[in-house]
Structure formats: structure tokens, C-alpha cells
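Please look at the complex shown here and read the report beside it, which goes through the annotated domains, the contact and the confidence in turn.

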Amino acid sequence: MGSITLSKVVKRFGEAEVIPPLDLGIRDGEFVVFVGPSGCGKSTLLRMIAGLEDLTEGNIEIGGRDVSHLAPGDRGLAMVFQSYALYPHMTVRENMLFPLEMAKVDARTARDKVARAAEVLNLSAYLERKPGQLSGGQRQRVAIGRAIVREPSAFLFDEPLSNLDAALRVNMRLEIAELHETLGSTMIYVTHDQVEAMTMADRIVVLQAGRIEQVGTPLELYEQPRNEFVAGFIGSPRMNFIRGAEAERLGAPTIGIRPEHIRASRESGLWGGRVSVSEHLGSDTYLHVDTDVGPVNVRTAGEFGVHRGDTVWLNPDENAIHRFDAQGLAL
Amino acid sequence: MRDTSTAFRVKKALGYAMMLAFLGFSLLPVVWVVLLSLRPATALFEPIWESPAAWTLDNIRSIARSDFPAALLNSFITAGSSTLLALLVGVPGAFALSKRRASNKFFASWLLLLLRMAPPVGFVIPLFLVYVRAGLIDTYAGLIFAYTSLTLPFVVWSMWTSFNQIPDELVEAGLMDGASLGRVLWRIVIPAARPGLVAAGVLSFLLAWNDFFFSLIITRSDTTTAPVAVMNFVSYASVDWGAIAVASIALTLPIVPIIVLANKYIVQSLGGAVKG
């Protein structure tokens, strides 16, 4: 019912091709995250699915039905926007009733649906308030509530947590994940935050310049990135890339090694270097080390007592080394 | 921390004094006209600060018997209708200009500005010639269309600005919720842009209400508006200053409640605030 298929979808703004021909299949009930740097076309792609952007070419099917030329409201989707997009002159209740009123749902059923959604989202106490009287997190919940009451075949989220502070973002992330578990609906979620992508997604679609670089589960992308871009984008802190003689010695024009796959030692190791920055978080220590093979970031579990200027030795885990050819593709 | 220094107090007092002086200067003609309207014809040219031998309501009675009340009604009908017409056409137009992705917006804005800035005398002669052929001289329709040429560019221009302050996402949310563009405009965008709408309506009404030139050229007797009717009190033999004073008050009075009621919105709109 909520499966979404994009076939040879293209988007051009005048001469500029923002989305080159693209194919993608999303299964019913799947939580898919579009991730990529700013301007990679992830929001445009989402808006094309929503019907807010016209397709230049190709077609989109939702639940087996071609919706390519249907109005946004006729596609059976609901969208949650980055700015919440709540109607400022309506109360929370009226905001949530609006889509039902547009769908000509009878007043009683509509009232019940709103009451149920408000209960699920802890909004029952705020139904008579205007959006201006709510906190950021509450507003985002209302936006989600407005989406839920429609019982859409799929939910579209366009960077919904970007306007929230860090602590609230973590909470809302959990709430959205729980909502997905409860409703079992298809969800497409756009973000530039790869931590959100890794924690929430069943599958991640990594985009760059409108092209799909890789589609896979979070762990697939982490463990088997198809190219340097995906390898660098997924994982925090970012993967270290080493080129030149040292890379050749290890068997490729470029090698990649994640900071957590390097063991730091004060005594001995493969690469020696001087600590330029050390960040002590208690649970982890992040070291930025200038070595003979270039700058290398290291993440060690727990406290590692070195400071700026100290000499350390680094030992990469041979089994965790990623190898890339001259074009940046994984070997 | 509150500044309580002497220098600050002097500055504040000076500020108030300047405001009061300006207020007095602005209100003086109004007070003068009120005093004038209550004087008998024989006392009109005595110094205004001296109380006349007797106050009178003769001027008001003579106005009531004249054609002026009918002209006032004409003003209401034509200014009101042209404002409604301008809002009816201009608001959707401004919405399209604000929210549609179009490459010729610059041209549209330029054209609108030209219409707003061009002096009415620029199009009143061709308008007159067309009206003579179309039989629109001295008709409500003729005057309403003429006023709409003033009010429509104004409404489009000001509502375009108001709508620009409404996030596109609000429109998109409405579309996603299953509303048509017309519904989105009516149910979401217009309520959110209410201050701008009220301001545009009131100011365009005043634009038409205060017009003298179009009415002078286009009307004859049936549809003469109040500002032109005031001139009827000026004849070759005499000028009925008392009646003119009453007519001026009659022209101003209806505007006062409108301005008072809409003041908040006009200030908000001119300040560029659309509150969420």
C-alpha cells in the first residue's frame, strides 16, 4: 500500500539538471532516509515525491498507482516540514482538523481522530492553544499530529529536527522511530545529519549532486561503502583517507580507515606523530595527530591521557582498512 | 537600567514639546474648520479665536438640504465598490505573484510601480475619450473602474509584500493537506496576512474616497462624489465657507472610525510584521 517506486525520474530547472535520471524502490512500511550534503538534491527528490515539484521526466508510483501528475493532496501522503508550517491563526485542534476537513471526513470521526492523535503525542492539554504559544518540540509534535490524522500511505519528513536544540532532537528522534514502530507506515526522512540517518533508517539513500551514491542498511554503508564519498560521509568522526606511498604499500591508490579502527599507543606503532588537538569526553578521547602519512583522526574508548604536542603511535586495524582505486571506487 | 539623569529628562521633555507642537500644527486646521462650521455667515471673517455673537446650526441645515448628502453616498458607493473590486482581483493576483515561480516577476513589479507612480492626469484624457464612446461618463461603473485603476495596483503591490512574508511552506502544507490553491489562499494565507489585508483595504478606500480629479472629469451630476460636490458651494457670486466647513467635516468623519479600528493593522502592516 505504501510502497513508492521512482522510475527514470529527472528534474531540471531550466538548463540545470538537479536530478539526473534516477531509479529507486521503497518497500511498504520501510523507514528510508535520504542523506547527503547541502544542495545534493535530497529535498528536491522528496518534494517531487510529494508533488510539490513537477517531474521533468519519469514517473512515480505510490502503492502501484501512478501519481506523477496528481496534485500533492491527492497522493495520499503527509509531510512534516522543517519549519513545522503550522497555520498560525488556528489552534492546535484546528490545525489537526484541517486535513480531515479537506478530506470531508465527518465532524465526529474527525474529532475522535484528533483526540487520539493528541493523546499519542501528548498534546491533549494544548489543543486550544495557538502555535505561537508552544515550544519548538510541541510545535513539531503538532506537525506530526497533523500528518498522522490523515492516515497517509506514507509520511515525508523534510529535515524535521533541524530547528530543535540538541537534547530535544535526540528525544524527537526516538519519538519518530517509535511512531514508525507503532504505525508501521512507510516513512521517507530527509536529513543532512548522518547520525539521524544511521540511528533511524531501515535503509539509507546517500545522495550527491542529485545522484544516488549508494543505497543500503546503515551497517552496510558503514562496513562496505561503495566509494570514497559514502565512506567519508557515513561515520562520525569522518573516515581518514591516506594516499601516496603508504597507501600503495597497503595495496591501493587510496586507503580509508575509520578513527575508531586505529589503536593509539605511547610506545610503538605503524605511524608516529604529534598530537595537534586532543578532546577528552570521558567516554571517548578524540585525537588529531599529524603523522608522516598526513593528518589522522583517532577515537579511543575511555580516557587516553595525551595532550597537544605529545608523541603517539598509531596502529590501524588491518582488517578494517578500506581500499579505493584512483576513481575513488571501493576495491 | 533606567536613565534618570537630568540630561535625559531634558531630552525627553524636549521630545514631548516637539510632538505637542507638531500635533497642534496638524490639528489647527481641523479645529478651525469646526469653529467655522458653527458660525453664522455674518461672523465668518471675524477672528477665529473670538466667540461670535451667536453659534448656529444653519450651515449644517443648509448642507442637509443640498445635494451634498447624495454626493457623500456616491463617494461611499464608488470608493467602497472599487476597494472591493481591487481586493477581489488584486489579492489572488498578489498571491500568484508572490508564490508562483515565474521569470517575469521583475516586469510585473516594474509595471505595477509605474501604474502606482504615474500621475492620474496621464491616463484621465484617454480614459475620458473611451468613456464618452462607451457611455460610461457620469455612471457608477465608470467611476468605479477609474478608481480601480488607482486601487488595484496599490492592493497588488502591498499584498504582494505581505504575502512574501508568509513562508512558502505554509502554502505547501495546505496543498499537502488536500486543499486547493483557492482554499489555501482563503483559509490559510489570507488569515495569516490579515494586517496587510486590512491595511490595503483601508488605504485603497481612502485613495478613492479622497479623489477629486477623476470624479471632476468623469462625473456630471448623478454620480458626483463628495470632494467635487464641495466645489458646488463656490459660485461666481460668493463662496459659502460655512457650508464648505461642514462638508469638510462630513468628508472626514466617516474615515475616523475606520482609521481608529484599523490603526493596529496598518501600523503592523507598514512595520512589515505578520505575527505567527
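The report below begins with how the model is described and then turns to its parts.

This is a predicted model, in which local features need pLDDT of at least 70, side-chain atom pairs count only at pLDDT 80 or more, and totals for chains, interfaces and linings use all residues. Residues are numbered from 1 along each chain as its sequence is written, while chains are lettered from A and ligands numbered from 1 in the order in which they are written.

UniProt lists one domain in each row of the table, both from unreviewed entries; its positions follow the numbering used here, feature names are shortened, and annotations may be inferred rather than shown by experiment. Helices (H or I, at least four residues) and strands (E, at least two) are DSSP runs, numbered from the N terminus.

| UniProt feature | Residues | Helix | Strand | End C-alpha distance |
|---|---|---|---|---|
| domain: ABC transporter | 4–234 of chain A | 36% | 26% | 25 Å |
| domain: ABC transmembrane type-1 | 72–262 of chain B | 77% | 0% | 22 Å |

Where the chains meet, 19 residues of chain A and 14 residues of chain B take part, two residues being in contact if their C-beta atoms, placed from the backbone, lie within 7 Å. On the side of chain A that touches chain B, strand S6 (77–80) and helix H2 (92–102) of chain A each supply at least two residues.

As for confidence, pLDDT is the predictor's confidence in each residue, from 0 to 100, and chain B has a mean of 88, with 96% of its residues at 70 or more. Within chain B, helix H7 (residues 168–176) has the highest confidence, at a mean of 95, and helix H13 (residues 255–270) the lowest, at 82. For the complex, the predictor gives an ipTM of 0.88 and a pTM of 0.84.
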